[in-house]
Amino acid sequence: MYLVFLGAPGAGKGTQATRVCEKYNIPHVSTGDILRANIKAGTALGREAKGYIDKGLLVPDEVVIGLVEDRLAQSDCQKGFLLDGFPRTIEQAKALGKFAKISCAINIAVDESLVVERIAGRRMCKCGESYHVSWYDKDTCAKCGEKLYQRDDDREETVKSRLEVYESQTAPLIEYYKELGVLKDVDGSQDMNKVFDDIVRILDDNH
């Protein structure tokens, strides 16, 4: 079971990825986690990546691809994995195809207006709790009483620009995996348990 998860920011990829990995006992391979692990371990690729991050630059494709290839070669990935946050571009997808055969690409499809509503409605507390204005109407934390705040990343204008980047760079992957015959669409606007059931049905039918 060699999986890729696609979907716009706020589509619910992270939540579903965690549940799928638990159910099928496969590693959740997130590029963010790999980067942090390599930087912490001080590997050659980690040091190279840190150099870019410290300058506020995006880590180049060849470094990210190298990190992913290295991670997928580890023993826990031999029976399967779920890639989250990679590939982000067609170039990365083509490079991935040289060292891993993807058996299924799940696209969690959500309407843009719903994504904006989901993300822009988030409110955080410094104690770590998070809320959404659709079900919590207070401006203080129910757990510790501190004032809630909205992360800069969650502001509507930021969300819209992240979606534009997704549309231009990552959305073409949907077509790419469709042509390879491994793409499956899931309606991400449903209740998250229904989304999970749909993903499980697809995976069980395919494997």
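Here is a short walk through the structure above, from its empty spaces to a few of its residues. Keep in mind that the model is predicted.

Let us begin with the gaps between the atoms. Rolling a probe the size of a water molecule over the atoms shows where empty space is left. How many cavities of 30 Å³ or more does the structure hold? There is one, and the largest cavity contains about 30 Å³ of space. If you want to find it, look for T31, I34, L35, V64, L67 and V68, which line the largest cavity. Two helices each supply at least two residues of this lining: α2, running over 31–41, and α4, running over 61–72. What kinds of residues form this lining? Five are nonpolar, one is polar and none is charged.

Stay with helix α2 for a moment, since N38 is found there too. Is N38 buried or exposed? Its relative accessible area is 10%, so N38 counts as buried, the limit being under 20%. The side chain of N38 makes a polar contact with the side chain of T43, at 2.8 Å. Setting aside neighbours within four places in sequence, N38 is in contact with T43, G46 and L67. You have already met L67 as one of the residues lining the largest cavity.

Now move to a pocket. The second largest pocket holds about 160 Å³ of space. Its lining is made up of A93, L96, G97, A100, K101, I102, Y176, Y177, L180 and V182. The elements that give two or more residues to this lining are α5 (90–99) and α8 (172–179). Which of the elements gives the most to the lining? That is α5, with three residues. Sorted by class, the lining of the second largest pocket has eight nonpolar residues, one polar residue and one charged residue.

Next, consider the cysteines. How many disulfides does the structure hold? The number is zero. C21, for example, is in no disulfide, and the nearest cysteine sulfur, in C77, is 9.8 Å away. Why is there no bond from C77 to C21? The closest cysteine sulfur to that of C77 is the one in C21, and at 9.8 Å it is too far for a bond, because a disulfide needs the two sulfur atoms within 2.5 Å. Both cysteines are buried: C21 has a relative accessibility of 7%, and C77 has one of 2%.

For another buried residue, turn to I106, in strand β4, which covers residues 104–109. The relative accessibility of I106 is 0%, so I106 counts as buried. What does I106 touch, once residues up to four places away in sequence are left out? The list is V4, F5, L6, K184, V186, I199, I202 and L203. I106 also shows how the chain can bring distant parts of the sequence together: I106 and D185 are 79 residues apart in sequence, yet 6.0 Å apart in space, C-alpha to C-alpha.

Compare that pair with one in a loop. Y136 is found in the loop between β6 (130–132) and α7 (156–170). Y136 and D152 are 16 residues apart along the chain, and their C-alpha atoms are separated by 20 Å. Although Y136 is in a loop, Y136 is buried, with a relative accessible area of 13%. Apart from neighbours within four places in sequence, Y136 is in contact with Y131, C141, A142 and L148. A polar atom of the Y136 side chain also lies 2.6 Å from the backbone oxygen of T140.

Finally, here are two details of the backbone. Most residues other than glycine have a negative phi, and most peptide bonds are trans. With that in mind, look at F86 and P87, which are joined by a cis peptide bond with omega about -5°. P87 is found in the loop between β3 (81–84) and α5. N25 has a phi near 55°, a positive value in a residue other than glycine. Where is N25 found? N25 is in the loop between α1 (13–24) and β2 (28–30). N25 is exposed, because its relative accessible area is 71% and the limit is over 50%.

Methods:
Residues are numbered from 1 along each chain as its sequence is written. This is a predicted model: local features need pLDDT of at least 70, side-chain atom pairs count only at pLDDT 80 or more; totals for chains, interfaces and linings use all residues. Side-chain values use heavy atoms; hydrogens and water are left out. On a 1 Å grid over the protein atoms alone, a cavity is a set of points where a 1.4 Å probe fits but cannot get out, and a pocket is an open set with protein on both sides within 12 Å along at least five of seven lines; lining residues have an atom within 4 Å of a point. Grid points are joined across faces, edges and corners, and a volume is the space filled by probe spheres set on the points. Helices (H or I, at least four residues) and strands (E, at least two) are DSSP runs, numbered from the N terminus. Ala, Val, Leu, Ile, Met, Phe, Trp, Tyr, Cys and Pro count as nonpolar, Asp, Glu, Lys and Arg as charged, and the others, Gly among them, as polar. Buried means under 20% relative accessible area, exposed over 50%, partly exposed in between (1.4 Å probe, protein chains only). A polar contact is a pair of N or O atoms within 3.5 Å; within protein, one must be able to donate a hydrogen and the other to accept it, and residues adjacent in sequence count only if both atoms are side-chain atoms. Contact means heavy atoms within 4.5 Å.
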